[in-house]
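Please look through the sequence and the model below before reading on, and keep both at hand while following the explanation. The text moves from one strand and its partners to some helices, and then to a sheet.

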Amino acid sequence: MHASVTSTELLARLRSSVDPDGVITDPEVLPSYERDMMPLAPYGTPLAVVLPRTTEQVQAVVRACAEHGVPIVARGAGSGLSGAANAIEGCVVLATTRMNAILEVDPDNRLAVVEPGVINLDLRGAVEKHGLFYPPDPSSYDWCTIGGNVATNAGGLCCVKYGVTTDSVLGLRVVLADGEVLDTGRRTVKGVAGYDLTKLFVGSEGTLGVITRATLALRPLPQAPGTLAAAFDTTGAAGAAVSRVVREGIVPSLMEIMDATAIAAVEAHLKTEVGAGRGSAALLICQSDSGGDAAIRELAAIERICLDAGATLAHTTFDLAEGALLLTARRAVLTALETYGAWLTDDVCVPRTKITDLIAGCERISAEFGLRVAVVGHAGDGNMHPTIVYDPGSADEFARAQRAFNDILDLGLRLGGTITGEHGVGKIKREWLAREIGPVGLRAHRAIKAALDPANLFNPGSMFELG
């Protein structure tokens with residue numbers, strides 16, 4: 001009875017804190033806010049979903065939940081792949097999608113100030129009108145939000161040249177667990193005053209506060225890209241080409257790799273020969289956005305390296321339509337794999353010299369568990385996405401997919417890598433985070449969480465258990 005009364009009181013507080021239609025309790029609608037795109041991560045049904053429009057409304061929601069001892073899970077568009085935004089039973093999901101204003105674009109200082117619900121692609125389009133560029137480009141850039149990108153420190157295809165989200169974040173506005181507002185960072189190019197709290201909140205997956213505003217660094221709009229595709233008979237040859245590109249100091253704006261399984265799936269899906277019709281073991285797709293003679297030199301150097309490494313075909317184009325088609329092949333991998341069943345994509349990052357070993361290891365895991373495993377990823381920074389295909393109607397295949405997922409994480413660590421390059425830890429890799437960072441690292445994480453969120457209000461159980 002007490003819990004019911006408390007829930008009723010809390011819901012009344014929430015309804016008074018946001019717009020009249022800003023609290024959702026409809027049992028038919030709540031399930032659409034329960035989880036993100038990761039099928040393995042646990043989730044529960046929230047008590048309610050709230051949709052604030054302002055920082056002040058977020059403050060009111062946080063204070064109401066804190067007073068009633070009800071946890072808050074912040075959420076963007078739900079495009080995540082780690083369960084970081086998954087609801088826990090009886091929580092309040094705070095969805096920031098209505099906070100979607102681009103508040104400022106400052107071309108002279110090359111920065112933008114945005115609310116967390118702004119769609120990544122919308123921001124790109126808005127700043128492009130000023131001759132500027134926002135680099136982070138997750139594969140879901142046409143529907144994921146800046147707030148979610150910041151919370152998970154998302155990456156994308158352009159990381160090899162431009163870095164991940166944190167490299168573009170100058171400052172944040174964050175609502176803390178006591179409802180107070182913290183402004184971090186700066187608007188200047190340089191600044192070393194105090195601890196770098198901005199980077200602490202970037203990638204914290206909603207465990208330390210709710211991001212309500214971000215100040216983002218912009219770059220000059222790059223030139224239209226030239227594109228190179230190179231096919232290889234062995235993954236070892238492709239890996240040797242990647243290592244040599246890095247060693248020679250060439251920095252393309254994009255360098256992606258697809259293994260034989262990914263190539264075959266995309267060719268069947270798009271009905272085209274992205275692997276040059278040769279049954280290629282690996283395909284590299286590179287771009288240069290340096291423009292003019294610089295781009296010609298970069299791609300010519302990469303083409304020479306690929307041929308020297310044993311590429312059976314290397315083709316460079318400066319035709320934008322043709323380049324876009326080649327990139328479509330890379331972006332279509334997950335959609336293509338859906339032809340064979342449900343997919344479960346992993347996210348490990350290894351030293352670039354170990355990419356070949358990772359692909360070979362995934363081939364062994366595929367054979368061991370009798371499941372299709374396609375490897376695709378960002379060769380320029382070693383962030384690979386082995387993707388396991390399974391029959392969602394088969395409990396046995398799902399269990400094997402789970403074991404394969406964990407074996408890939410183990411393989412990544414044994415190769416000197418990390419359990420996540422851009423998707424985050426969320427609720428699916430908690431035990432693996434503890435293994436990677438060790439007891440001292442875990443103790444430091446828990447101490448920071450306790451200092452900023454002593455009542456464990458924000459996203460409890462995500463990233464790590466309090467112990």
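How many bridges join strand E18 to E19, and in which sense do the two strands run? In this predicted model, strand E18, which covers residues 372-378, is joined to E19 by seven bridges, and the two strands run antiparallel. One place to find this pairing is Val375 in E18, which stands opposite Pro386 in E19. The two strands form a hairpin with four residues between them, and in the turn lies Gly382, whose phi is positive at about 80°.

E19 also pairs with other strands. Strand E16, residues 342-345, pairs with E19 in the antiparallel sense over four bridges, and here Ala342 has Tyr390 in E19 as its bridge partner. Strand E17, made of residues 348-349, runs antiparallel to E19 as well and is joined to E19 by two bridges, with Cys349 standing opposite Asn383.

With these partners in view, it is worth asking how E19 sits within the structure. Eight of the eight residues of E19, which spans residues 383-390, are buried, so the strand is largely enclosed by the rest of the structure; buried here means that a residue has under 20% relative accessible area. Following the side chains along the strand, one finds that Asn383, His385, Thr387 and Val389 point one way, while Met384, Pro386, Ile388 and Tyr390 point the other way, and all of them are buried.

We turn next to the helices. Helix H12, residues 355-369, packs against helix H13, residues 395-414, at an angle of about 155°, and their axes are 10 Å apart. Because angles over 145 degrees count as roughly antiparallel, H12 and H13 are described as roughly antiparallel to each other, and their crossing is right-handed. On the H12 side the residues that meet H13 are Leu358, Gly361, Cys362, Ile365, Glu368 and Phe369, and on the H13 side they are Arg400, Arg403, Ala404, Asp407, Ile408 and Leu411. Sorted by class, this contact holds seven nonpolar, one polar and four charged residues.

H13 also meets helix H14, residues 430-452, and the axes of these two helices come within 12 Å and cross at roughly 15°. H13 and H14 are therefore roughly parallel to each other, and H13 passes H14 in a right-handed crossing. Asn406, Leu409, Asp410 and Leu413 of H13 make this contact with Trp432, Arg435 and Glu436 of H14, and by class these residues divide into three nonpolar, one polar and three charged.

Elsewhere in the sequence there is an open sheet of five strands, in the order E5-E6-E10-E8-E9, with antiparallel pairing. At its edges stand strand E5 (102-106) and strand E9 (181-185), each with a single partner strand, so that one side of each is left without a neighbour in the sheet. On average, and ignoring direction, neighbouring strands of this sheet are turned by 10° against each other. Within the sheet, six bridges join strand E8, residues 169-175, to strand E10, residues 210-217, and Gly171 has Thr215 in E10 as its bridge partner.

Two helices lie across strands of this sheet. Helix H2, residues 55-68, lies across E8, E9 and E10 and runs at about 45° to E8, whereas helix H3, residues 120-128, lies across E5, E6 and E10 and runs at about 40° to E5.

Key:
Residues numbered from 1 in each chain as written. Predicted model: local features only at pLDDT ≥ 70, side-chain atom pairs only at ≥ 80, totals over all residues. Heavy atoms only, no water. Buried < 20%, exposed > 50% of the residue type's maximum accessible area, 1.4 Å probe, protein only. Pairing = 2+ DSSP bridges. Axes fitted to C-alpha atoms, helices over the stretch in contact; angles between N-to-C directions. Parallel < 35°, antiparallel > 145°, perpendicular 65-115°, else oblique. Left-handed = near helix turned anticlockwise from the far one by under 90°. Contact = heavy atoms within 4.5 Å. Nonpolar A, V, L, I, M, F, W, Y, C, P; charged D, E, K, R; others polar.
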